[in-house]
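Colleague: Could you take me through one part of this model in detail, starting from a single residue and working outwards to whatever surrounds it?

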Amino acid sequence: MTQILVSALLWLLVLSLLILRRGRADRSILWSALTIAVAMTLNIDGLYRWADRLLGGTNLVTLVADLALMLGIFFLGRAVAKATEFRPAIVRFALGRTVLAVALVCTVLAFVFIERGVTTTTFMLDYGAQPAAAAYSMTQFAYDGIVLTAMAAVTTRQIRRGRGADRLPAVALLIGSALGLVLAAVVIGMDIAHLAGDVPLMLGLGTAYSPLFLSTFLFLCLGLASQPAMRWLRARARANAMRRLVTQTTPIWQRANLARPGMSQQDAAGFSAADAETRLHRQLVEIRDAAVDPRVAFELSDAESVIVDAAEAHLLGRGADTNATSAQAATGATP
């Protein structure tokens with residue numbers, strides 16, 4: 001059930017990323033979600049048995065799924081690092097292709113030396129007493145731990161530098177990374193206990209596996225999904241504010257053009273009514289030109305000045321603090 005739930009969450013994440021991140025050049029987050037979703041899906045018991053039967057029934061699907069998971073963690077770490085300027089050498093090395101390549105090669109070599117039987121959905125329980133199987137599992141989770149540690153360092157920096165709700169994606173990723181580190185420690189502890197023949201200890205540690213596994217991917221999915229979602233929401237809010245400011249400045253601009261006809265009256269090609277940002281920019285330029293031209297009689301009232309200042313601040317990316325003021329000025333309300 002855990003695998004099915006995690007797989008469903010990840011495929012939902014892939015779908016949302018395909019919608020929210022259309023046209024973006026960096027596909028690291030999408031590749032991360034996609035490869036981890038594939039890994040989790042291959043671990044669903046019924047699908048695992050079917051796919052492994054196609055590959056000869058020697059548990060090769062375990063290797064495919066685990067390699068996909070490692071690639072997913074690799075893309076995840078790189079996606080998080082790309083979102084910040086904080087990328088010291090140790091972080092770049094941990095998230096680099098060299099560490100990934102070494103981990104992949106060691107994982108494949110360890111898998112080759114495992115004496116595997118027929119298809120089983122409890123691979124490590126059945127074969128974990130073998131040194132090669134323990135090395136196989138520990139290599140994967142050691143690599144995951146390295147990447148998650150680097151990711152935790154990056155997200156901690158993002159949290160310190162962020163403000164308000166902008167911190168939420170980084171907080172979710174940090175919690176997911178911390179839980180993932182605990183999960184890696186638990187799995188490595190289980191591997192050592194199994195190798196040492198301490199089955200009670202292995203089973204005791206195993207009780208924490210499923211809750212940690214589910215909560216780790218829940219928070220990582222939340223962090224991954226909320227980053228593009230918040231960017232989308234901010235873009236929509238900015239576009240709505242832009243249209244509102246165009247509506248507020250249009251009467252002022254029309255009055256300015258009566259006093260001093262601007263370029264928008266002469267060159268329609270440079271004045272797109274469909275592009276609210278371009279239109280707002282052109283209107284503000286012509287309003288300011290009319291206001292400073294000594295040859296024409298055009299002055300801004302106090303309320304109009306507030307609206308124009310707010311519109312200019314919005315174009316410069318400082319609209320959050322001034323939009324409310326412009327709305328109050330436009331409606332005649334007292335700040």
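Modeller: This is a predicted model, and a good place to begin is Leu 60, which counts as partly exposed because its relative accessibility is 30%. Leu 60 lies in helix 4, and together with Trp 50, Leu 54, Leu 55 and Val 64 this leucine makes a nonpolar surface patch of about 480 Å². Two helices, helix 3 (45-54) and helix 4 (60-82), each supply at least two residues of that nonpolar patch.

Helix 4 also leads from the surface patch to an enclosed space, since helix 4, helix 8 (131-161), helix 9 (168-196) and helix 11 (209-259) each supply at least two residues of the lining of the largest cavity. The count of cavities of 30 Å³ or more comes to one, and about 110 Å³ of space lies in the largest cavity. Among the residues that line this largest cavity are Leu 69 and Ile 73, as well as Phe 141, Asp 144 and Leu 148. The lining of the largest cavity also includes Gly 180, Leu 183 and Ala 184, and is completed by Phe 213, Thr 216, Phe 217 and Leu 220. With four residues, helix 11 gives the most to the lining of the largest cavity. As for the character of that lining, its residues divide into nine nonpolar, two polar and one charged, and Asp 144 is one of the residues found there.

Conventions: Residues are numbered from 1 along each chain as its sequence is written. This is a predicted model: local features need pLDDT of at least 70, side-chain atom pairs count only at pLDDT 80 or more; totals for chains, interfaces and linings use all residues. Side-chain values use heavy atoms; hydrogens and water are left out. Patches are made of residues with over 30% relative accessible area and no salt bridge: like charges are joined within 9 Å, nonpolar side chains (Val, Leu, Ile, Met, Phe, Trp, Tyr) within 5 Å. Accessible areas come from the Shrake-Rupley method with a 1.4 Å probe; for residues, only the protein chains shown count as cover. A salt bridge is a side-chain nitrogen of Lys or Arg within 4 Å of a carboxyl oxygen of Asp or Glu. Buried means under 20% relative accessible area, exposed over 50%, partly exposed in between (1.4 Å probe, protein chains only). On a 1 Å grid over the protein atoms alone, a cavity is a set of points where a 1.4 Å probe fits but cannot get out, and a pocket is an open set with protein on both sides within 12 Å along at least five of seven lines; lining residues have an atom within 4 Å of a point. Grid points are joined across faces, edges and corners, and a volume is the space filled by probe spheres set on the points. Ala, Val, Leu, Ile, Met, Phe, Trp, Tyr, Cys and Pro count as nonpolar, Asp, Glu, Lys and Arg as charged, and the others, Gly among them, as polar.
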